[in-house]
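Work through the exercises below with the sequence and the model open side by side. Each task is followed by a stepwise solution.

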Amino acid sequence: MRAALLYAPGDLRVEDVPRPEPGPGDVLVQIDVALTDGTDLKTFRRGHPLLARETPAPFGHEFCGIVDGRRVVAANSAPCGTCDGCARGEQCRDLSFLAGAYADWLLVPERIADVNLHEVPPGVLPEVAAMVEPLACCLRGVERAGIAAGDTVAILGAGPIGLMLAACVADAGGWPVVVGGRPERRELVELFGATSGPGTGADIVFEAVGSDTAWIDAVELARPGGTVVFFGGLPLDARPPVNAYRLHYEELTLRGSFHHTPSTVRAALGFLASGAYPWEQLVTHRVLLDDLPALLADPPPELLKAAVVP
């Protein structure tokens, strides 16, 4: 089969590789479509401590595929259920990750298939269903933020994650305000339940850019006593300076949010199937698998998500 493998930052190759053989409980999925996302672009540029541990690394984690004639999706990890994090109801400390969706076939291991492999509801486009993993992460981020009805929520970033967060915030009863973004992205803001604006004095702020500058800006936007949720990941060596005066004297709450849970994966699939928002508009490009390296090396400015087909 054909598959994309990441050999090093900036070195992505589409090669012939053996088709994986499923063991007991594993599920072999024929890929219908895989989606690019910001995590993939960051991994392509600088690597990733969890999704690209080995070299060459299988690549891609948002997908919709076919098993026995049925369309399915799967989140890209599953909790172990036995670690301290799971025991406390927190993030699992021993997540098993799934990558390799940029390929003809993908093996979903038993641990993930048992809890996070789901059949796609009728009528849901495959490229929409493939958004289940990032949307599940956004739903968990909103849970961690503790949004109350009427809260003003600033969201730094007008990319797919920022727009998904806006929809999740609006669904939770908050008032999302998307900060920044290119003009063509701001045109989508209202379609996802938000307004554009400066976001100053927000009750809750989401950082959804993944840069040192955005982390610093997020802290400055929160009102005294407000909450900041750091959603965008940074490199291992990043050390963004935090405004210690505001943190201490204005009693800000700073909180990280990473990944999803089985419950938010199920909720995300239902949210996508509801048609409440025009999820399909987040897919702006469609490319063949062989064209993926060139797309990531020089992404067009208007790119939100690309549908990658084998």
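**Exercise 1. Place P56 in the chain and describe the peptide bond that joins T55 and P56.**

Start with the location. P56 sits in the loop between α1 (38-46) and β4 (57-58). The model is a predicted one. Next, take the bond. T55 and P56 are joined by a cis peptide bond. Its omega is about -5°. Finally, relate P56 to L165. The two are 109 residues apart in sequence. In space, their C-alpha atoms are 32 Å apart.

**Exercise 2. State how many helices and strands the chain has, then decide how its radius of gyration stands to the globule rule.**

Count the elements. There are 11 helices and 18 strands. Now the radius of gyration. It is 19 Å, close to the 19 Å that the globule rule gives for 310 residues, so the chain is as compact as a globular protein of that length. Add the box. Along the principal axes, the C-alpha atoms fill roughly 60 × 45 × 40 Å.

Then turn to burial and contacts. Of the 310 residues, 50% are buried. Among contacts with a separation of 6 or more, 68% link residues 24 or more positions apart.

Close with the surface and the charges. The chain exposes about 13600 Å², and carbon and sulfur atoms supply 51% of that area. It carries 24 positive and 39 negative charges. The mean positions of the two sets are 3 Å apart.

**Exercise 3. Which residues have the most contacts inside the largest nonpolar core, and which helix gives the most to this core?**

Begin with the general tendency. In soluble globular proteins, nonpolar side chains tend to be buried together. Now apply the search to this model. The largest nonpolar core has 52 residues. F206 and W279 have the most contacts inside it. Helix α5 (residues 132-145) gives the most to this core, with 8 residues.

Look at F206 more closely. Beyond four places in sequence, F206 touches residues including G141, V142, A145, I147 and V153. L156, L165, V169 and V229 are also among the residues it touches.

Do not stop at one core. A second, separate core has 32 residues. L41, V67, A78 and I112 are among its members.

**Exercise 4. Is L165 buried or exposed, and which residues does it touch?**

Find the element. L165 belongs to helix α6 (residues 160-171). Check its accessibility. The relative accessible area of L165 is 0%, so it is buried. List its contacts beyond four places in sequence. L165 touches C138, V142, I155, F206, A208 and F231.

**Exercise 5. Which residues does A136 touch, and how far apart are the C-alpha atoms of A136 and T264?**

A136 lies in helix α5. Its relative accessibility is 0%, so A136 counts as buried. Leave out residues up to four places away in sequence. A136 then touches H260, T264, V265 and A268. Now take the pair. A136 and T264 are 128 residues apart along the chain, yet their C-alpha atoms are separated by 4.9 Å.

**Exercise 6. Describe the settings of S77 and H259.**

Take S77 to begin with. Strand β7 (residues 77-78) holds S77. At 1% relative accessibility, S77 is buried. Its contacts beyond four places in sequence are L95, S96, F97, I112, N116, H259 and H260.

Move on to H259. It lies in the loop between β16 (253-256) and α10 (262-274). H259 is not a glycine, but its phi is positive, about 80°. Its relative accessible area is 6%, so H259 is buried.

**Exercise 7. Are D68 and D26 buried, exposed or partly exposed?**

Take D68. It lies in the loop between β5 (62-67) and β6 (70-74). At 72% relative accessibility, above the cut-off of 50%, D68 counts as exposed. D68 also has a positive phi of about 50°, although it is not a glycine.

Now D26. Its loop runs between β2 (11-16) and β3 (27-35). At 24%, D26 falls between the 20% and 50% cut-offs, so it counts as partly exposed. Beyond four places in sequence, D26 touches L107, V108, P109 and E110. D26 and G256 are 230 residues apart in sequence, and their C-alpha atoms are 32 Å apart.

How values were computed. Residues numbered from 1 in each chain as written. Predicted model: local features only at pLDDT ≥ 70, side-chain atom pairs only at ≥ 80, totals over all residues. Heavy atoms only, no water. Helix = DSSP H or I, 4+ residues; strand = E, 2+ residues; numbered from the N terminus. Rg over C-alpha atoms; globule rule 2.2 N^0.38 Å. Buried < 20%, exposed > 50% of the residue type's maximum accessible area, 1.4 Å probe, protein only. Contact = heavy atoms within 4.5 Å. Areas by Shrake-Rupley, 256 points an atom, 1.4 Å probe, with all protein chains shown as cover. Lys, Arg positive; Asp, Glu negative; His and termini not counted. Charge placed at Lys NZ, Arg CZ, Asp CG, Glu CD. Core = buried A, V, L, I, M, F, W, Y, C linked by side-chain atoms within 4.5 Å.
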